[in-house]
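Notebook open, structure loaded. I'll jot down what I look up as I go, sheets before rings.

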Amino acid sequence: MTAPVHSRTPLSGGTYNTVHLLAHTDGTETVLKTEPPTAQPRLSYEHRLLHTEARFYDLARPLLGALVPEPLDLESLPGEPERYRLLLTRLPGTPLEEVRAGLSPTGLAAVRRALGGALARLHTLTGTAFGYPERPGLAAATWPDAFTAMVGALLADADRTGVVLPWDPDRVRGLVGAHRGLLAKVDTPALVHFDLWDGNILVDGAPGAPALSGVIDAERAFWGDPAADLVSLALFGDIRADTAFLEGYRAAGATLEFTPDLLRRLALYRTYLHLIMYIEPATRGVPADRADRLRAFLRPLLDADLTALAHPLP
């Protein structure tokens, strides 16, 4: 039972849920996340995301402990039975995005190494089906079926929201279909965060001795190929350059070899993530000029991966 709320402060950074920091009369703090109104446009996978987030933390806490928040309450809003809010414990620290530039190479490496170990532990969590846990239409018994449905729903979202893609949707579907055999090699659904960019990694301590203090914002989690997490971990870059993370990941018992098969799968997952980023401004009320700049930035990245995926499999 939490103490009464003393003050409420909006937190920035997210574009889907509304987030507030709550200060309680006993000196504690919590974080309250509230879904957007049900009438607000959203992508197909954005369904009961706070249920996904709460479940992620419940599953992860036995392995990661205080590195993930504790869900305190999940309830619908009064008079809005399909709209939910989630109350979480507040973790210490600052997003890595905000402090990375001030960290020493040794300090940053220590944080990334710890993150690798934490993610390796997380990826030992396995489920019974692939895809989004709260979206039956985007889940399946096999990874090829689930991923095909996920990409197909996203392409349908583009059409539904009026986003004109510079790539023929049938071409994208065909490239995913051509890799079904490769995707089928993933036969165990692991818990995937899929939003592990620096803004969702918390760091605490002095700049000279930083420590990983949290992994947050897990509402976009799904059950799938653990390699999918490598995409947001190296957003717009190459995870192979993050040697400290890879050391921590492997030292914790995870197997990771950058084979031609894995590099192909990473291209597929980058394509999926970049398509999400290309399409979602249409459901977020992003000003047209800002959306245009983002899409201009994403276009060559998507071009490169789609071209690579079109080459015959080795």
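**Entry 1: a three-stranded sheet.** I'm working with a predicted model. I looked up strand pairing and found an open sheet of three strands, ordered β6-β10-β11, with antiparallel pairing. Which strands stand at the edges? They are β6 (94-95) and β11 (211-215); each has a single partner strand, so one side of each has no neighbour in the sheet. I then checked how β6 holds on to β10 (residues 201-204): the two pair antiparallel over two bridges. Pro95 has Leu202 of β10 as its bridge partner. I also noted helix α3 (residues 105-122), which lies across β10 and β11 and runs at about 45 degrees to β11.

**Entry 2: the strands at the start of the chain.** Next I went to β2 (residues 18-24), where six of the seven residues are buried. On one pairing, β1 (residues 5-11) runs antiparallel to β2 and is joined to it by six bridges; Thr9 is matched with Leu21 there. On the other, β2 pairs with β3 (residues 29-34), again antiparallel and over six bridges, and Leu22 has Thr30 as its partner. I looked into the β2-β3 hairpin too: four residues sit between the strands, and Gly27 takes a positive phi near 90 degrees.

**Entry 3: helix α4.** I measured nothing by hand here, just read off the computed values. α4 has 18 residues and spans 25 Å from first C-alpha to last, close to the 26 Å expected at 1.5 Å a residue. Its buried residues include Trp143, Phe147, Met150, Leu154 and Ala158. That spacing made me recall the helix rule: with 3.6 residues a turn, residues three or four places apart point the same way. Asp157 is also on the buried list. What covers these buried residues? I found β7, β8 (139-140), α5 (169-178), α6 (180-183), β12 (222-224) and α9 (260-279) among the elements doing so. Just after α4, Gly162 has a positive phi of about 80 degrees.

**Entry 4: rings.** I ran a search for aromatic pairs over the whole structure and got 14. I picked out Phe130 and Trp143: their ring centres are 5.9 Å apart and their planes stand at 35 degrees, so I logged the pair as tilted. Phe130 belongs to strand β7 (residues 130-131) and Trp143 to helix α4 (residues 143-160), so the pair ties together parts that are 13 residues apart in sequence. Are these two buried or exposed? Phe130 is buried at 3% relative accessible area, and Trp143 is buried at 1%. I followed the ring pairs outward and got a cluster of Tyr45, Phe130, Tyr132, Trp143, Phe147, Phe194, Phe222, Tyr269 and Tyr272.

I also looked for charges over rings. The charged end of Arg48 sits over the ring of Tyr84, 6.0 Å from its centre. For Arg295 over Tyr278, the distance to the ring centre is 5.5 Å.

**Entry 5: Leu266.** Last stop was Leu266, in helix α9. Leu266 is buried at 5% relative accessibility. Which residues does Leu266 contact, leaving aside neighbours within four places in sequence? I listed Ala227, Leu230, Val231 and Phe258. I also checked Leu266 against Pro10: the two are 256 residues apart along the chain, and their C-alpha atoms are separated by 35 Å.

Notes
Residues numbered from 1 in each chain as written. Predicted model: local features only at pLDDT ≥ 70, side-chain atom pairs only at ≥ 80, totals over all residues. Heavy atoms only, no water. Phe/Tyr/Trp six-rings, centres within 6.5 Å; stacked < 30°, edge-to-face > 60°. Buried < 20%, exposed > 50% of the residue type's maximum accessible area, 1.4 Å probe, protein only. Lys NZ or Arg CZ within 6 Å of the ring centre and 35° of its normal. Expected span 1.5 Å × (residues − 1). Contact = heavy atoms within 4.5 Å. Pairing = 2+ DSSP bridges. Axes fitted to C-alpha atoms, helices over the stretch in contact; angles between N-to-C directions.
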